[in-house]
Every structure is written in C-alpha cells, then in structure tokens.
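Q: I am new to this structure. Please look closely at one part of it, then connect that part to other places worth finding.

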Amino acid sequence: MGDQPILRINALTKRFNEFTALHGIDLNVRDGEFLAIVGPSGSGKTTLIRLLVGMDEPTEGAIWLRDSRIDAVPANKRPTCMVFQSLALFPHRSVGQNIEFPLKLRKVAPATRKARALELLELLRLPASYYDKRIDECSGGEKQRVALARALAFDPEILFFDEPLSALDYRLRKTLEKELKDLHRRTGKTFIYITHSLEEAMVMSDRIAIMKAGRFEQIAPAAEIYARPRSRFVAEFMGEVNLFDMVDGRVPGLRFGPRASNLFVGQTGTLVVRPESVALLAPGEEADVALEGIIESEYLLGSRVQYTVAREGAAPVTVEVLRENAVGGPGAPVVMGFGTSACHLIAPEARDAAA
Ligand SMILES: Nc1ncnc2c1ncn2[C@@H]1O[C@H](COP(=O)(O)OP(=O)(O)OP(=O)(O)O)[C@@H](O)[C@H]1O
C-alpha cells in the first residue's frame, strides 16, 4: 500500500435545498487501502459515495483522483467502479457474458475477453464451467462473486461497495467478508466500502471512517478507534462500553488507587472502559480502579458471560468475563475493578463536539 493518496476529498459539501447532507468534509484515501465508511442511517454515506462515483455533483468542494480533479467528470468517464448492493447483473445472460460486458463496451476482441473472464472466474474461486451458466441459475453468493468479477473486468482504480453483503444470510456474509479481504490483498486495488455493520468494517478494513450527521467523527484503524475513541458517539458506536463522567480527577462511586489518582489528577472528561476490561474482584483483591454494585442480569455470550451490574445513584456497569470466571447470578453483590491501562479519557471538547 502506497503512502500517496489515490483519492483526496477536499471541503466537500452537499446540500439538498435547505438540508446539508455533507458539511465540508476532508478525506485522503491511500493507494491500495481498504477503507470502510460506517455510520448510522442518514449520516451521509450513500450521498458521499454517489459524489465519489459521479452519480451526483457536490455543492462545494473538490474530489481529486491522483492529480486530476474529477468532481465534474461524468460517472462513465471516471476510472472507478461501484459494486451495487442490488447487483444489476443481466439475469438471462450467462456468467461469462456478464463478466465480459465491460470489455465488450471497450471493443476488446472475443478471444481476449473470454480469456480475461476465465481468469476472473479463477480469481473469484468460481469453476470455469460457470462461464456458460445463466445468472438466474446462480445462488446469491455466486451472483455476488460474478458481480465482483465484472467490476474487476472494468479494471478500475478504485472499487466502491455500497453494502454489498447486507441482503445475504449470516454464514454467507461471513464467508464473503473473508473472500473480499483476500481479494483486496490479491488484487492490490483500493477498496472503499460502505456498511452499517461495524463488525464487517472491523474484519475487513485497514481504516474505518465513522460518519455522523454529514461529518467524519474519527478516521483510524479499527483497533485505535476501539481503544481510543475521540468522542462518546464513537465509543458507543463501537459496541458495549462503560462511560464515566470525570471532573477534576474524580468520578462518584469509583475508588482510585495511587496509580489511577496520579494518572487522572485534575483531569476532566469522559472515562471509557470496555466491559471485557472490567474484572469481578475476589475478596481482598486490588485494582487501580474499584467500584461496587449488585448483579442485575446476566447473558450468556458463547464462551463469555455479560453482567449488568446496578449501582446506587449511578448508571449500571456492563462487565464481560470468561465463563469459567462467572460468579453468582442476579442479586449477588460484587466488587469490580479495572487497570489504568484499560482506561481512555475523552477530552471534554471532543465530547461536546459529539453531543
Ligand atoms: N436526493 C435527496 N434529497 C433530499 N435529501 C436527501 C437526498 N438524498 C439524501 N438525502 C438526505 O441526506 C441525508 C443522508 O442520506 P444518505 O442516504 O447519504 O445516508 P446514509 O448514511 O447512506 O443512510 P443509510 O445507511 O440509511 O443508507 C439523509 O438525511 C437523507 O434524507
């Protein structure tokens, strides 16, 4: 993956009459990167993709593909390609005809087209015999692979995906997630992938861009977003989380040992602690930060158990432990603890910006 951006978005704004869907956003995508764009419904993901592929024009701002400004270039003149969620394959044509379609448009000779289609079938791990199979005889997963093969036949600089797996069942989705990641590695192309599913984004991408109300909240590798969210919104979007309001180094109900007191002296913000970082302490066991409560409910999550622990005068805490470390059920009093290395403090400005 090169360090040079293949795509640059500069102060991009999109307004629909009075409504602003994108608020002057900036983004650099590296050559060969797998970037996932996630965000709740209505946050502007599809609007952004439509501008990037040329299905719509920005109100303000610029889009650069390497050294060329492309925001006014029509979709069919852009060296990019989109894999639609709704596939848009020709159902009565063969797999081969579908894959060769972009090559036919470019007047590539039939023998060359066929050779490329067979190569792409192999790349997508479909048998060569599928070349003559009709699209409406293929399964959902096979159609997705054919759509991908056709997208690759365009030989695009960047592949855009708009929720391509959302209509598929869980197991097929999991398989295709791995295949897409693998395909990304083998082709070395730049992938920009929109999804509602954070899990999908985390499995596949190099970086995740989290959108909220027409802006990027954070753009970083998944692990960094998970461990060091820059706002409450991002922290909560990345899954179950405990958030504690800290003022002047103190949080009501939390007991800080010397290490935590030193670390947080005078600090104000939101303390983020993931449920799997909170332990249930044995009698006499110490932790950097300790707190007490009563188990309200428990859920089995395969090999782990998740507890909701009620606290007097404060929000409940979520704790996730390995099943072998499970303690009593609802009604049991517990002491919980976590280490300073499991804590992340969100600065108040970032928290306010996200409010
Ligand atoms: N053509 C349009 N005219 C008016 N408003 C629009 C138009 N297209 C999108 N919007 C608005 O812009 C906002 C962003 O929509 P967009 O489709 O980009 O969201 P999204 O993040 O892709 O959502 P979802 O995950 O539900 O697809 C929404 O509030 C939507 O109503």
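A: The close look starts with one helix and then moves to other parts of the chain. The model is predicted.

Start at helix H4, which covers residues 140-153. Helix H4 has 14 residues. From its first C-alpha to its last, it reaches 20 Å. That is close to the 20 Å expected at 1.5 Å a residue.

Is this helix enclosed or open? Of the 14 residues of H4, 10 are buried, so the helix is largely enclosed by the rest of the structure. The buried residues begin with Gln144, Arg145, Val146, Ala147 and Leu148. Ala149, Arg150, Ala151, Leu152 and Ala153 are buried as well.

What do these buried residues pack against? Three of the partners are helices: H2 (95-105), H3 (110-123) and H5 (170-187). The others are strands E6 (80-83) and E7 (158-162). After H4 comes Asp155, with a positive phi near 50°. Most residues other than glycine have a negative phi.

Two other residues can be looked at for the sign of phi. Asn17 is not a glycine, yet its phi is positive, near 55°. Asn17 sits in the loop between strand E1 (5-16) and E2. Asn17 counts as exposed because it has 5 C-beta neighbours inside 10 Å. Ala213 is not a glycine either, and its phi is positive at about 45°. Its loop runs between strand E9 (207-212) and strand E10 (215-220). With 15 other C-beta atoms within 10 Å, Ala213 is partly exposed.

Now find the ligand. Around the ligand are Phe16, Phe19 and Ala21, among others. The list also includes Gly39, the run Ser41, Gly42, Ser43, Gly44, Lys45, Thr46 and Thr47, and then His196. Strand E2 (19-30) and helix H1 (45-53) are the elements that give two or more residues to this shell. H1 gives the most, with 3 residues. By class, the shell has 3 nonpolar, 8 polar and 1 charged residues.

Step back to the domains. The protein is divided into domain 1 (5-228) and domain 2 (234-354). Their centres, taken over C-alpha atoms, are 39 Å apart. The contact takes 8 residues from domain 1 and 5 residues from domain 2. On the side of domain 1 that touches domain 2, E10 and helix H7 (222-227) each supply at least two residues. H7 gives the most to that side, with 3 residues. That side of domain 1 divides into 5 nonpolar, 1 polar and 2 charged residues.

Next comes Val272, which has its place in strand E13 (residues 269-273). Is Val272 buried or exposed? Val272 is buried, with 24 other C-beta atoms within 10 Å. Leu243 is 29 residues away along the chain, yet the C-alpha atoms of Val272 and Leu243 are separated by 4.9 Å. Leaving out residues up to four places away in sequence, Val272 touches Pro229, Ala235, Val241, Leu243, His344 and Ile346.

Finish with strand E18 (residues 333-338). Strand E14 (residues 279-280) runs antiparallel to E18, and 2 bridges join them. In this pairing, Leu280 has Met336 as its bridge partner in E18. Strand E15 (residues 289-301) also pairs with E18 in the antiparallel sense, over 6 bridges. There, Ala290 has Gly337 as its bridge partner.

Conventions:
Residues numbered from 1 in each chain as written. Predicted model: local features only at pLDDT ≥ 70, side-chain atom pairs only at ≥ 80, totals over all residues. Near = placed C-beta within 6 Å. Helix = DSSP H or I, 4+ residues; strand = E, 2+ residues; numbered from the N terminus. Nonpolar A, V, L, I, M, F, W, Y, C, P; charged D, E, K, R; others polar. Expected span 1.5 Å × (residues − 1). Buried ≥ 20, exposed ≤ 12 C-beta atoms within 10 Å, placed from the backbone. Contact = placed C-beta atoms within 7 Å. Pairing = 2+ DSSP bridges. Domains from an automatic or database assignment.
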